[in-house]
Amino acid sequence: MEDLSQNHQNKKDNPVLQQDGQQSKAEEVDVTLIQWMLTLTPLERLQNLQRHLSMLERLKNGKFIH
Amino acid sequence: MANSSTDFFQVFEVFAKHKVKYILVGGVSAVLHGAPVTTFDLDLVHNRAEENIENLFQALQELHAFYRTRRDIRIEPVKNALAGPGHHLFLTDAGPLDLLGVIGDNLDYQGLLQDTEILQVGDLEIRVQNLESLIRVKQFIGREKDKAILPILIKTLEEKKKNK
């Protein structure tokens, strides 16, 4: 309950969070991924993205054989 | 040689070497703020003052930048064009790089400055658009790809505020 109340307060205080259509969609977002990202430093987040892109680059060169 | 994958740090290092003033915006800035999204290019709003355009031009030459919008002909950066408000979509040795004169509601480098934070990584200082501003710009632009990412950005902002 405390978290929800804090959440509501944030929306009330911040016009960016007040757009209801986007807000309801925001409730459908996988919050566990966000929470994991927030445990990382900005540098670690960037390094993860860089690794992710490198992996995609490697996979791009793969071929489906069946 | 132009690279199809992105090496963000190469761009940051070359820009620092040439003392280019810029603001990191878009998807990479979203990632730095903790949003779990993927992006393939680097979006920067550059300072369009004369001295900075000269520095930027030198940096782009070092990165062998050319417009990726024309596949039939190699068009290299032009100083006068970089001084305008348009968007320049380059391919460089460090991957795709988008230089944006203005974004959203006609926001240029100066207009965005108040909504930025400095990220220090070793000797590098990277000026990054803050998450609130990023959300406002995406709400203003309203393209489908911007709308798709908005719920994640908004939720990330909420979670960050909870953690404070």
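This is a short talk on how chains A and B meet in a predicted model, and on what sits around helix H1 of chain B.

Okay, let's start with chain A. It has four helices and zero strands, so to speak an α-α-α-α pattern when you read along the sequence. Of the 66 residues in chain A, 27% are buried.

Now to the contact with chain B. Helix H4 of chain A, residues 42–60, packs on helix H1 of chain B, residues 8–17. The angle is about 125°, and the axes are 10 Å apart. That makes H4(A) oblique to H1(B). Who meets whom? From H4(A) you have A:Leu43, A:Leu46, A:Leu49, A:Gln50 and A:Leu53, and from H1(B) they meet B:Phe8, B:Phe9 and B:Phe12. Sort the residues of that contact by type and you get seven nonpolar, one polar and no charged.

Let's stay on H1(B) for a minute. Its buried residues are B:Phe8, B:Phe9, B:Val11, B:Phe12, B:Val14 and B:Phe15. As a general reminder, an α-helix has 3.6 residues a turn, so residues three or four places apart point the same way. Have a look at the two ends as well. At the start of H1(B), a side-chain oxygen of B:Asp7 comes within 3.2 Å of the backbone nitrogen of B:Phe9. Just after the helix, B:Lys19 has a positive phi of about 55°.

Next, the core. The largest nonpolar core has 48 residues, and those touching the most other members are B:Phe12, B:Phe15, B:Leu24, B:Leu42, B:Leu44, B:Leu60 and B:Leu99. Which element gives the largest share? That's H1(B), with six residues. Take B:Leu42 as one example: leaving out neighbours within four places in sequence, its contacts are B:Phe8, B:Val11, B:Phe12, B:Leu24, B:Val28, B:Pro96, B:Leu97 and B:Asp98. Apart from this core there is another one, of eight residues, including B:Ile23, B:Leu100, B:Leu112 and B:Val137.

Last stop, a polar residue: B:Asn52, in helix H3 of chain B, residues 50–62. Is B:Asn52 buried or exposed? Buried, because its relative accessible area is 5%, and the cut-off for buried is under 20%. A polar atom of the B:Asn52 side chain lies 2.7 Å from the backbone oxygen of B:Asn47. Beyond its neighbours within four places in sequence, B:Asn52 is in contact with B:Lys19, B:Val20, B:Lys21, B:His46 and B:Asn47. And B:Lys19 you've already met, as the positive-phi residue just after H1(B).

Conventions. Residues numbered from 1 in each chain as written. Chains lettered and ligands numbered in written order. Predicted model: local features only at pLDDT ≥ 70, side-chain atom pairs only at ≥ 80, totals over all residues. Heavy atoms only, no water. Helix = DSSP H or I, 4+ residues; strand = E, 2+ residues; numbered from the N terminus. Buried < 20%, exposed > 50% of the residue type's maximum accessible area, 1.4 Å probe, protein only. Polar contact = N/O pair within 3.5 Å; in protein donor to acceptor, adjacent residues only side chain to side chain. Contact = heavy atoms within 4.5 Å. Axes fitted to C-alpha atoms, helices over the stretch in contact; angles between N-to-C directions. Parallel < 35°, antiparallel > 145°, perpendicular 65-115°, else oblique. Nonpolar A, V, L, I, M, F, W, Y, C, P; charged D, E, K, R; others polar. Core = buried A, V, L, I, M, F, W, Y, C linked by side-chain atoms within 4.5 Å.
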